[in-house]
Amino acid sequence: MLSLAGVHAYQLLPRRLEPLVLSSFGLVEARLPGVSAAELERVLTEPVEAALMALPDVLECRSETRDGVVLIAVECSGPAVESGSAWSSIEDQLGRQRERLADGFIGLSGPELHRPRERMAAALVSVAPADGASAQGPPVDRARALADALGAASSVGHVELLGRPRDQIVLTYDDGELAGAGMTPVEFREYLRAQHVTAPGAYLHEATGILPIETVSRIRDFESLKELPVRDPADGDPVNISRLLEVGREPLRPRVGRVEAGGHGAAALAVYRAAEGDLETFARHVRDTVERFDQQHPEHCALVVFQPAVVAEEIDNFGANLLQGFGAILILLVLALGLRTGLAVAVVLPFVVLASFIVLYAAGFGLDVVTLSSFILVLGLLVDNHIVMAERIHRLEQLGADPDSATARAARELLGPLLAAAATTVFGFLPIVLTGDVIGDYVSSLFWVVLITLAISLLFCFVVTPLLLHGEKPAKTERLTALESIYKRVLAKGFVLFVPLLLLVGLLCFGGYQLLASADRVFFPASSRPLWLMEIELAHGVEVEQEDGVVRSLDAFCERERAGQEAALQHWVTFLGRSAPPVQASIPQRRFAPHYAQVLLQLDSTRDPGPLHERLTAWMGQQPEGVRLRLRPVRLGAQLDWPIQVELRGPQAEIEGVARQVADHLEQQGCPLVTTEWGEPVRKLAVEPDRAALSERDLTVADLTLGMHSVLHGLPLFELLEDDVRTPVMLRAQVTRADSREALSDAYVYPAKGDPALLYEVASVTERRAHPVRVRRGGEACITVRADSDDAERELVQEQDVDLWLDRLRAEHPAIAIEVAGVSASSARANRALLDEMPWALLLVLLCLLIQSQSLIDTGLILLTIPLSFTGVALGLSISGEPFSFMTLVGMTALAGIVVNNAIVLLASIRHRVEETGEYSRELLIDAAAHRVRPILLTTLCALASMGVLHASGGPMWEPLATAVISGLCFSTLLVLFVLPVLYGRILDVTGAGRRMAGR
């Protein structure tokens, strides 16, 4: 029954690639075209930011103000995010801000809140035209039909269509004719707006009841707009609007959100799985629908990202690795304990895992890369309790006890030590779940898997294992007797060579910690997945069309690569003016970025990507100066934009100069792609109103602004709903001269009454330079200098070196807050969050040990094994050549809970033996320790076997953790077997605790 329930729970567990980590950051966006970043920051960013910071749930705001756009990242408290109250309070506050700002701004959109994504897209499908048909543009209609087909299944939550061209409808008027007719653009705008409203209906009371009346008032489509009858300003007769104005379509500028696939204009579909949708059903439906659509239509459809395939691969690997781990442990147990005993102990493990699946399902957990690898990690720990129980039962039976008495006595003796050992292991993992950091949240399921599996394993140890061993009395082999004899002789030598032994351990520990301090450091390991991300970024103010040269060159390069015999590149999709949809947490998200593009490159996992990387890097080096290109694998884990970042906050006039010094230093250090968020100053046109001239003609600054907008952007009328697309309709003056600056000077400025004036008569147009982006954090001006690294394994060290160099600038500019904010800051934040919670874990471990042993000596020696085991971690990293990463620290945290197990049971066995015999001697201590050699070695070998499987199959993410546990466990086992008993005996001799223990 347990097996069936466990298998059923395993099949029902939700499957996903990565853990769901609830983001505490929301994005507030507002747009006001034509306003400079400096002015927009003063009149919009600062008051909105102050209003948000007044909310109790908001912890910090970081704003980025570009020309015409305000983006404010809002960080909220964790409890408020989980309850959803944070976003509700922010939306209420923004509603009040919109009411306050409504009358003071012309053309303002927002501010509005974009809540963080709670789910990742499970599939990304590109829909590109057939070869030779690229001039027709992206096949939006076909993509919409495919989206409808995909969304028809209950397993699909929703489908997001990207790459749909955004157009606007422009009604162009002749400025002179309109002025001659005695109408202003504002009057004409209000008149046209009145033609497209939601008009109220009425109710007609009849004898049979009330008959509702609906007024059909809104314009249905583009053709209806062209035929709209309006009053001719000249003679008052009704005519079609197309007789008075030029009605046409044109691309919405700046053009953002374009998608290309394989070098052709395309559409992309981000497919999200339903919250309760089955992954296999979802995968089958998406794959079948896309393949059927690709066969039936000329458009080419490709699954660029298909997470179900990756998840299925991970699940298959998990099953294979779990079987390998079971097999390795089974062989070890049979060789060491005999056939029946080995099988009896090993057969418990699958039932523990199956029972764990039932608890995980009931608790609402799912299967992802962290959860699956956690099972491999704890596999070696699960067998520990059962080996100790089996060893003790057989030892008592060999001493003459009957099976029932041996089982009862072993349970009484081991209940305290095994409970304490399990508790200390769980508490060792506790800091992971208490960190509150995004990386800690990412791997937090590791703690819950350890807690659940160890609790179930402990229950099975006292209930199931004794039943399976009942009546079995294996004979002790000569080989094991020889092992204990050799161990006794070596341990006796240790007592004789006590001082040299301590010196040797001290030297090893000192050398180990020196190695640990000098080891290379990385924040989060790279990914082995066959998906790369290239970011293309131009200077601010450059529109997306000007990236076409770089994108076309990349398309040509990719075509050549795909046509090669050893082609590692399968497909590529380009997102211009925005980021790719959230298919993975590590992909940076940009909503509105005309100067920015992302390219997802899909590789063949069976090919070596090295040559492609070399050629692609060479191509990147050939691109024009000023084009910033970044290439990196899409990795698991949380997002980190730039590995090297230096953040400066303070007076704007001072931080600009200091930022330039930091950028120069990074360039001297050879860091590629050095840039700042503010960017280099760009050219701008400043319109300075002549207030005396405005007053003389009875004009206002608002009239002047409307005159400019009527020429350059147009005056917004309304949005026309075409199918499911809202298309803005603009009223714009006809430009007679191509030069936009001349057209601006010739723009008409209309008063409420009287004759219009030309703009150059009431204002002057001058050129100046200003930063296109301004950033604030915590209410202060903030500049972040960013740089890439040419060596992923030295990113952390490079930024730490920069941090040391910054000490001079900090001393010279005390008014400026200068902090590193890249990989080292993220690493330090995650490590600090982990280490800050470590005292709580150590306190709980200490309490467990004191309750179990009731001895300060035992507790102190057991805790001593934790820092000593870290020496083994350092030696392991040095031998393997792996860098020290956050996952290494997680492994060391886990190791702290693991290494005490053997020490607890060993010292408990010695203490019990002394109290049982009523005497204490060095020979008795050695003999008691020798009885623990076989279970200690066996549990260590089983743990090493499971760690070896995790190291071989876990990929770059889990290799550092496995290395830390393997090397630390090996070193700690030697300490427990050969140093701990000697040190314990010496302390008992000196303090007389051994004689007092024997006298109880």
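## A tour of patch, cavity and salt bridges

Start by selecting Leu434, Trp840, Leu843, Leu847 and Ile851: together they form a nonpolar surface patch with about 530 Å² of accessible area. Keep in mind as you go that this is a predicted model. Now colour helix 29 (residues 823-853), which gives the most to the nonpolar patch, with 4 residues. Tryptophan 840 sits in helix 29, and its relative accessible area of 56% makes this residue exposed.

**Into the interior**

Next, look for empty space. A search of the whole structure finds 6 cavities of 30 Å³ or more, and the largest has a volume of about 100 Å³. To see its walls, select Gly380, Leu381, Asp384, Ile898, Asn901, Asn902, Thr939, Thr940, Ala943 and Leu969. Show helix 14 (369-398), helix 32 (900-917) and helix 34 (933-953) as well, since each supplies at least two residues of this lining. Coloured by class, the lining of the largest cavity has 4 nonpolar, 5 polar and 1 charged residues.

**Along the salt bridges**

The structure holds 30 salt bridges, and three of them make good stops. Begin with arginine 776 and glutamate 46, whose closest N and O atoms are 3.4 Å apart. This pair links distant parts of the chain, 730 residues apart: arginine 776 is in strand 28 (residues 773-777) and glutamate 46 in helix 2 (residues 37-53). Is each partner buried or exposed? Arginine 776 is buried, at a relative accessible area of 10%, whereas glutamate 46 is partly exposed, at 31%.

Move on to arginine 649 and glutamate 819, where the side chains meet in a salt bridge (3.9 Å, N to O). Arginine 649 lies in strand 20 (residues 644-649) and glutamate 819 in strand 30 (residues 817-820), so this pair ties together parts that are 170 residues apart in sequence. Arginine 649 is buried, with a relative accessible area of 17%, while glutamate 819 is partly exposed, with 36%.

For the third stop, pick glutamate 761 and arginine 697, which form a salt bridge at 3.4 Å, N to O. Glutamate 761 is in helix 27 (residues 759-762), and arginine 697 is in the loop between helix 24 (691-696) and helix 25 (701-711), 64 residues apart. Glutamate 761 counts as partly exposed at 33% relative accessibility, and arginine 697 counts as partly exposed at 37%.

Finish by selecting Glu60, Arg62, Glu647, Arg649, Arg777, Glu780 and Glu819, which salt bridges with shared partners join into one network.

Terms used
Residues numbered from 1 in each chain as written. Predicted model: local features only at pLDDT ≥ 70, side-chain atom pairs only at ≥ 80, totals over all residues. Heavy atoms only, no water. Patch = residues over 30% accessible without salt bridge, like charges linked within 9 Å, V, L, I, M, F, W, Y side chains within 5 Å. Areas by Shrake-Rupley, 256 points an atom, 1.4 Å probe, with all protein chains shown as cover. Salt bridge = Lys/Arg side-chain N within 4 Å of Asp/Glu carboxyl O. Buried < 20%, exposed > 50% of the residue type's maximum accessible area, 1.4 Å probe, protein only. 1 Å grid on protein atoms, 1.4 Å probe; cavity = no way out; pocket = protein on both sides within 12 Å on 5 of 7 lines; lining within 4 Å. Points joined across faces, edges and corners; volume = space filled by probe spheres on them. Nonpolar A, V, L, I, M, F, W, Y, C, P; charged D, E, K, R; others polar.
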